[in-house]
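Please open the model in your viewer and keep the selection panel at hand. The tour below proceeds from the whole chain to single residues.

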Amino acid sequence: MFNRKKKSKCRAQLDTLIGQHTRLIGDITFSGGLRVEGHVKGDIIAEDEDSLLIISQDGSIEGNVKAPYIILNGSVTGDIHASEHIELAYQAQIHGDLYYYLIEIAIGAKINGNLIHLEENQIPRLKLAAESEEETPLSISGLKEGSP
């Protein structure tokens with residue numbers, strides 16, 4: 001009816017927890033599911049297209065966040081890139097720009113920054129390192145055909 005392709009649902013299960021009394025300094029790269037209940041000072045980047053990041057009401061992040069699926073009920077100071085879906089619960093606080101494809105916002109969520117909607121063709125897709133791009137020969141202008 002609305003000509004919108006159905007997106008795959010997030011099937012990631014939570015397999016990593018940063019506990020409430022944990023303070024982590026440094027960047028985190030994860031796949032699967034990550035739940036943050038403590039404090040992270042650094043960027044958090046998901047490697048998979050089905051990865052899920054949950055930031056609980058006591059969780060906070062100082063850094064940029066990139067994940068396809070995000071549930072936020074804590075605070076993020078930095079830009080957020082949610083390529084598939086982001087849910088902002090009532091205690092969510094964002095101090096930075098939010099790039100999203102689909103968004104749900106509960107009453108009480110606070111965003112101090114820009115909301116930037118990503119169209120389907122703007123969503124960056126993850127590429128495996130094993131996949132190589134086809135090399136295309138460069139055209140060189142100004143050379144005569146047959147010259148070395």
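Among the contacts in the protein chain with a separation of 6 or more, 12% involve residues 24 or more positions apart. The model is a predicted one. Colour the chain by secondary structure: it has 15 strands and zero helices.

Next, display the surface of the protein chain. About 10000 Å² is exposed, and carbon and sulfur atoms supply 49% of this area. Of the 148 residues, 34% count as buried.

Now select strands 2, 5, 8, 10, 12 and 14. In that order they form an open sheet of six strands with parallel pairing. Strand 2 (23-25) and strand 14 (110-112) stand at the edges; each has a single partner strand, so one side of each lacks a neighbour in the sheet. From one strand to the next, the twist averages 5 degrees.

Zoom in on one edge of this sheet. Strand 2 runs parallel to strand 5 (residues 39-41), and three bridges join the two. Within this pair, R23 stands opposite H39 of strand 5.

Then turn to the largest nonpolar core, which has 24 residues. Which of its residues touch the most other members? They are I44, L53, I70, L72 and I80. To see where the core residues come from, select strand 3 (28-30), strand 4 (33-36), strand 6 (44-46), strand 7 (52-55), strand 9 (65-72), strand 11 (80-88) and strand 13 (98-105), each of which supplies at least two of them.

Finally, centre the view on I80. Leaving aside residues up to four places away in sequence, I80 touches V65, I70, L72, I86, I94, D97, L98 and Y99.

How values were computed. Residues numbered from 1 in each chain as written. Predicted model: local features only at pLDDT ≥ 70, side-chain atom pairs only at ≥ 80, totals over all residues. Heavy atoms only, no water. Pairing = 2+ DSSP bridges. Helix = DSSP H or I, 4+ residues; strand = E, 2+ residues; numbered from the N terminus. Axes fitted to C-alpha atoms, helices over the stretch in contact; angles between N-to-C directions. Buried < 20%, exposed > 50% of the residue type's maximum accessible area, 1.4 Å probe, protein only. Contact = heavy atoms within 4.5 Å. Areas by Shrake-Rupley, 256 points an atom, 1.4 Å probe, with all protein chains shown as cover. Core = buried A, V, L, I, M, F, W, Y, C linked by side-chain atoms within 4.5 Å.
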